[in-house]
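Work through the exercises below with the sequence and the model side by side. Try each task before reading its solution.

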Amino acid sequence: MSTHAEAIGAEFVTRLRAELSPAHFAEMQNLNSVVDDGVCHSHDYCDANEVMAAAFAQVVGRAVDTQDDDDRALWSSAWRYALTHGLGQDADIEAAAALAD
């Protein structure tokens, strides 16, 4: 995985933490970890595509070109990285749940 994908994925997680309440973030993490349907449940709480687009632009320095195969692949890799580094069930879920209480 490219360092750009990791950086975009990490920025996406950071931006979602800012966008969602702690309770919604914890619920989203739980849904992502128990429901394997190929979607990120952040969409249940916000327009996650806008959040990812902002993360992409922050890291890459330009807007994503959805017609470009490389940009689409980078977006997908960033999402997969984010899912395993903050958006799914991991060490952060306990901390997020504690904040929600």
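**Exercise 1.** Find which residues of H2 are buried in this predicted model, and state where they lie around the helix axis.

*Solution.*
Step 1. A residue counts as buried when its relative accessible area is under 20%.
Step 2. In H2, this holds for Phe25, Ala26, Met28, Gln29 and Asn32.
Step 3. These residues cover an arc of only 160 degrees around the axis, which puts them on the same side of H2.
Step 4. An α-helix has 3.6 residues a turn, so residues three or four places apart point the same way.
Step 5. As for length, the 13 residues of H2 reach 18 Å from first to last C-alpha, close to the 18 Å expected at 1.5 Å a residue.

**Exercise 2.** Describe how H2 and H4 cross, and name the residues that make the contact.

*Solution.*
Step 1. Two packed helices are described by the angle between their axes and the distance between the axes.
Step 2. The axes of H2 (residues 22–34) and H4 (residues 69–87) come within 10 Å and cross at roughly 120 degrees.
Step 3. The crossing of H2 and H4 is left-handed.
Step 4. On the H2 side, Phe25, Met28, Gln29 and Asn32 make the contact, while H4 supplies Leu83, Gly86 and Leu87.
Step 5. Sorted by class, the contact of H2 with H4 consists of four nonpolar and three polar residues, with no charged ones.

**Exercise 3.** Compare the C-alpha span of H1 with the expected one, then list the buried residues of H1 and what covers them.

*Solution.*
Step 1. H1 (residues 3–19) has 17 residues, which should span 24 Å at 1.5 Å a residue; the end C-alpha atoms are 24 Å apart, which agrees.
Step 2. Ala5, Ile8, Gly9, Phe12, Val13 and Leu16 are the buried residues of H1.
Step 3. Seen down the axis, the buried residues fall within an arc of 140 degrees, so they line one face of H1.
Step 4. Thr3 and Ala18, on the other side of H1, are exposed.
Step 5. The cover over the buried residues of H1 includes H2, H3 and H4.

**Exercise 4.** Take Leu16 of H1 and work out its surroundings.

*Solution.*
Step 1. Leu16 has a relative accessible area of 0%, so this residue is buried.
Step 2. Leaving out residues up to four places away in sequence, Leu16 touches Phe25, Ser42, Cys46, Val51 and Leu87.
Step 3. Tyr45 is 29 residues from Leu16 along the chain, and their C-alpha atoms are separated by 9.7 Å.

**Exercise 5.** Which residues of H3 are buried, and which helices do they pack against?

*Solution.*
Step 1. The buried residues of H3 are Ala48, Val51, Met52, Ala55 and Phe56.
Step 2. An arc of only 140 degrees around the axis holds them, which puts them on the same side of H3.
Step 3. Glu50 and Gln58 are exposed on the other side of H3.
Step 4. The buried residues of H3 pack against H1 and H4.

**Exercise 6.** Is Ser77 of H4 buried or exposed? Then turn to the whole protein.

*Solution.*
Step 1. Ser77 has 17% relative accessibility and therefore counts as buried.
Step 2. Ser77 and Gly9 are 68 residues apart in sequence, yet 8.0 Å apart in space, C-alpha to C-alpha.
Step 3. Of contacts between residues at least 6 apart in sequence, 68% join residues at least 24 apart.
Step 4. The protein has five helices and zero strands, and 32% of its 101 residues count as buried.

How values were computed
Residues are numbered from 1 along each chain as its sequence is written. This is a predicted model: local features need pLDDT of at least 70, side-chain atom pairs count only at pLDDT 80 or more; totals for chains, interfaces and linings use all residues. Side-chain values use heavy atoms; hydrogens and water are left out. Axes are lines fitted to C-alpha atoms, for helices over the stretch in contact, and angles run from 0 to 180 degrees between N-to-C directions. Helices (H or I, at least four residues) and strands (E, at least two) are DSSP runs, numbered from the N terminus. A crossing is left-handed if the near helix is turned anticlockwise from the far one by less than a right angle, and right-handed if clockwise. Contact means heavy atoms within 4.5 Å. Ala, Val, Leu, Ile, Met, Phe, Trp, Tyr, Cys and Pro count as nonpolar, Asp, Glu, Lys and Arg as charged, and the others, Gly among them, as polar. The expected span of a helix is 1.5 Å times one less than its number of residues. Buried means under 20% relative accessible area, exposed over 50%, partly exposed in between (1.4 Å probe, protein chains only). The arc is that of the directions from the helix axis to the C-beta atoms.
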